[in-house]
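Thanks for coming, everyone. Let me put the model on the screen and walk through a few places in it.

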Amino acid sequence: MSREEWKRVAAREAAKFVGDGMTVGLGSGTTVAEVVRCLGGRKPDAIFVSSSSSTQQLAEKLGLRLASLGEHPKLDLMLDGADEVAPDFSMIKGGGGAHTREKIVASAARRVIIVVDRTKLVSRLGEKFPVPVEVLPFAHGYTARKLEELGGEPELRKTSAGEPFITDNGNYILDVRFGEIETPAELEQVINQVPGVVENGLFVGVADEVLVGHEGGCARLCSKEDFLRFIEDNVQK
Ligand code: 5RP
């Protein structure tokens, strides 16, 4: 099975958590797009709140019922992807630049299920992926300097045309390498105190469960013990 197939396997399982009458937040990225495609095929009688314009467009095209977070400030469920997931379910998100809205939508949800392929599981955050930090364009040079003072190596995210990547909120993204992150909860707070920062992609204490697509199908991880057992059984062999 390819990585794309692992994503699809996990997405199919994730879509099964959506039932009639539910209010459901949708994150963004290629894995969530697979979840949305599954939901589009089944069309449950649920209301969806999207955290990005790309997910919104896809969900609309597939005929899902969409509403705003203002209309539904309490959600039953949020389904989202991640760039890295650590054993305690802390995460790095924002590879698609949508982490600010994703964090808001997740905080409105009673239950958050993260959908990934097995390559996203890490023993410590920052192993592979930088921390995306959404910043005000006005402040990005200054903010980058302040993030360097915190020990980070910021790089302005650019499009393939070499222009600054612009988020759905009209801001820039700094991708900041901190090396392996020992205390993500602390770093999440410290980054957000830098003037010009809108929100960063460290998500701590957000995910309730993680669905992992892998060679053997989809694993449902509900605890750190599940995570470590999965690694032992599937990744290190
Ligand atoms: C977007 C995100 C995505 O969930 C994350 O980047 C994973 O994306 P993909 O499923 O394409 O690997 O946080 O802001």
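Lys43 comes out as partly exposed, because its relative accessibility is 45%, and partly exposed is the class between under 20% and over 50%. Where is Lys43 found? In the loop between H2 and strand S2, residues 47-50. Look at its backbone too. Lys43 is not a glycine, yet its phi is positive, about 45°. Keep in mind that this is a predicted model.

Lys43 also leads us to the next residue. It is among the contacts of Leu64, once neighbours within four places in sequence are set aside. The other contacts on that list are Val36, Leu39, Gly40, Phe48 and Ala59. Leu64 itself sits in the loop between helix H3, 53-61, and strand S3, 65-66. Buried or exposed? Leu64 is buried, because its relative accessible area is 7% and the cut-off for buried is under 20%. One distance to note here. Leu64 and Arg42 are 22 residues apart along the chain, and their C-alpha atoms are separated by 9.6 Å.

Now the ligand. Where does the ligand sit? In the largest pocket. Two elements give two or more residues to the shell around it: helix H2, 30-42, and helix H4, 99-107. There are 17 residues around the ligand. Five of them come nearest: Thr30, Thr31, Asp83, Lys93 and Lys120.

Let's go through some polar contacts. Take Thr31 to begin with. An N or O atom in the side chain of Thr31 is 2.5 Å from an oxygen atom of the ligand. Then Asp83. A polar atom in the Asp83 side chain lies 2.7 Å from a ligand oxygen atom. Ser28 uses its backbone. One of its backbone N or O atoms is 2.9 Å from an oxygen atom of the ligand. And how much of the ligand does the protein cover? On its own, the ligand has 380 Å² of accessible area, and the protein covers 92% of that.

Next stop, the loop between strand S5, 84-85, and strand S6, 91-92. Two residues there deserve a look. Phe89 lies in this loop. Like Lys43, which has a positive phi of about 45°, Phe89 has a positive phi, of about 70°, and is not a glycine. Phe89 counts as buried, because its relative accessibility is 6%.

Pro87 is found in the loop between S5 and S6 as well. Pro87 is buried too, because its relative accessibility is 12%. What does Pro87 touch, not counting residues up to four places away in sequence? Val122, Ser123, Lys224, Phe227 and Leu228. There is also a C-alpha distance to give you. Pro87 and Leu121 are 34 residues apart in sequence and 7.8 Å apart in space.

Last residue, His214. It is found in strand S13, residues 209-214. Its relative accessibility is 8%, so His214 counts as buried. Which residues is His214 in contact with, leaving aside neighbours within four places in sequence? Met1, Trp6, Arg118, Ala219, Phe230 and Asn234.

To recap. Leu64 is buried at 7%, and Lys43, one of its contacts, is partly exposed at 45%. The ligand sits in the largest pocket, with 92% of its accessible area covered by the protein. Happy to rotate the view if anyone wants another look.

Terms used:
Residues are numbered from 1 along each chain as its sequence is written. This is a predicted model: local features need pLDDT of at least 70, side-chain atom pairs count only at pLDDT 80 or more; totals for chains, interfaces and linings use all residues. Side-chain values use heavy atoms; hydrogens and water are left out. Helices (H or I, at least four residues) and strands (E, at least two) are DSSP runs, numbered from the N terminus. Buried means under 20% relative accessible area, exposed over 50%, partly exposed in between (1.4 Å probe, protein chains only). Contact means heavy atoms within 4.5 Å. A residue is near a molecule or strand if one of its heavy atoms lies within 4 Å of it. A polar contact is a pair of N or O atoms within 3.5 Å; within protein, one must be able to donate a hydrogen and the other to accept it, and residues adjacent in sequence count only if both atoms are side-chain atoms. Accessible areas come from the Shrake-Rupley method with a 1.4 Å probe; for residues, only the protein chains shown count as cover. On a 1 Å grid over the protein atoms alone, a cavity is a set of points where a 1.4 Å probe fits but cannot get out, and a pocket is an open set with protein on both sides within 12 Å along at least five of seven lines; lining residues have an atom within 4 Å of a point. A molecule sits in a cavity or pocket if more than half of its atoms lie within 2 Å of its grid points.
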